[in-house]
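The following paragraphs walk through a single chain, from its overall plan to individual side chains. Keep the sequence and the model in view while reading.

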Amino acid sequence: MQDDSHTGTNPRGYAGSEWKRQASSAAEDAKAALDATAVTVKERARRAAEEQKKAGADQIGGVARAIHGAADEVEQELPQVAGFVHDAAAKLEGAAASLRERSVDDLVRSLNNFARKQPAAFFGGAVLAGFALSRFLKNSAEPSGGQER
């Protein structure tokens, strides 16, 4: 009679290595899916940022046009002041054009460089922007019925 218990195959060893292979394959599949999702999310965020950048540039351009209009109105009485106001509006127009021309990646890179070179100014600007945003959100959340608290 022959002993079949030592035929050179270990069912447990085979099952263990097969399980490891399947787990490794599943981990690779999950990583690939996460990478694809991350790329999709990054692309969506980039598109949204580009749209917001364009909207911001349009807003700045609108403010510049309004400032030019205000300068035109006071030009007869205060020509020197009107010149300063036109100059300020022209700078805003330049900022809007620059914003339109630059990519979001360029803007983020510039912001990072500024934050590294001028951390106090960056922090102060962030605090001011946060304050302005909170005021805007507070005012837009209040009911328009004129009820005071």
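What pattern does the chain follow, read along the sequence? The pattern is α-α-α-α. The chain holds four helices and zero strands. What is shown is a predicted model, and its confidence deserves a look before any detail is read from it.

The mean pLDDT of the chain is 82, and 84% of the residues reach 70 or more. Among the elements, helix 2 has the highest mean pLDDT, 91, while helix 1 has the lowest, 83. Over residues 1-8 the pLDDT stays under 50, and the model gives this stretch zero contacts beyond four places in sequence.

Next come the figures for the chain as a whole. Of its 149 residues, 8% count as buried. The accessible surface comes to about 12300 Å², and carbon and sulfur atoms account for 59% of that area. Among contacts with a separation of 6 or more, 57% join residues that are 24 or more positions apart.

Helix 2 is a convenient place to begin with the elements. Its length can be checked against its geometry: 23 residues at 1.5 Å a residue should span 33 Å, and the C-alpha atoms at its ends are 33 Å apart, so the two values agree. The buried residues of helix 2 are A82, H86, A89, A96 and L99.

H86 can be followed further. This residue lies in helix 2, which covers residues 79-101. Is H86 buried or exposed? H86 has a relative accessible area of 19%, and because the cut-off for buried is under 20%, H86 counts as buried. Beyond its neighbours within four places in sequence, H86 is in contact with H68, A71, D72 and E75.

A95 is also found in helix 2. With a relative accessibility of 36%, A95 counts as partly exposed. In sequence A95 and A64 are 31 residues apart, and in space their C-alpha atoms are 9.9 Å apart.

Charged side chains come next. The count of salt bridges comes to six. One of them joins D105 to R46, with the closest N and O atoms 3.1 Å apart. This pair links distant parts of the chain, since D105 is in helix 3 (residues 104-117) and R46 is in helix 1 (residues 11-74), 59 residues apart. How accessible are the two partners? D105 has a relative accessibility of 35% and counts as partly exposed. R46 is also partly exposed, at 36%.

Other salt bridges stay within one helix. K54 pairs with D58, and the closest N and O atoms of this pair are 3.2 Å apart. Both residues lie in helix 1, four residues apart, about one turn of the helix. An α-helix has 3.6 residues a turn, so residues three or four places apart point the same way. D58 counts as partly exposed, with 32% relative accessibility.

Helix 3 offers a second example of a pair within a helix. There R109 forms a salt bridge with D106, and the closest N and O atoms are 2.8 Å apart. R109 and D106 are three residues apart in helix 3, again about one turn of the helix. R109 is partly exposed, at 47% relative accessible area, and D106 is partly exposed as well, at 29%. Salt bridges that share partners also join K54, D58 and R100 into one network.

The last feature is a nonpolar one on the surface. Which residues make the nonpolar surface patch of about 270 Å²? The patch is made by L111, F114 and F122. F122 belongs to helix 4, residues 119-141. Why can F122 take part in a patch while counting as partly exposed? Patches are made of residues with over 30% relative accessible area, and F122, at 33%, counts as partly exposed, so F122 passes that cut-off.

Taken together, the tour covers a chain of four helices, a set of buried residues in helix 2 that includes H86, a salt bridge between D105 and R46 that links distant parts of the chain, and a nonpolar surface patch that includes F122.

Terms used: Residues are numbered from 1 along each chain as its sequence is written. This is a predicted model: local features need pLDDT of at least 70, side-chain atom pairs count only at pLDDT 80 or more; totals for chains, interfaces and linings use all residues. Side-chain values use heavy atoms; hydrogens and water are left out. Helices (H or I, at least four residues) and strands (E, at least two) are DSSP runs, numbered from the N terminus. Buried means under 20% relative accessible area, exposed over 50%, partly exposed in between (1.4 Å probe, protein chains only). Contact means heavy atoms within 4.5 Å. Accessible areas come from the Shrake-Rupley method with a 1.4 Å probe; for residues, only the protein chains shown count as cover. Patches are made of residues with over 30% relative accessible area and no salt bridge: like charges are joined within 9 Å, nonpolar side chains (Val, Leu, Ile, Met, Phe, Trp, Tyr) within 5 Å. A salt bridge is a side-chain nitrogen of Lys or Arg within 4 Å of a carboxyl oxygen of Asp or Glu. The expected span of a helix is 1.5 Å times one less than its number of residues. pLDDT is the predictor's confidence in each residue, from 0 to 100.
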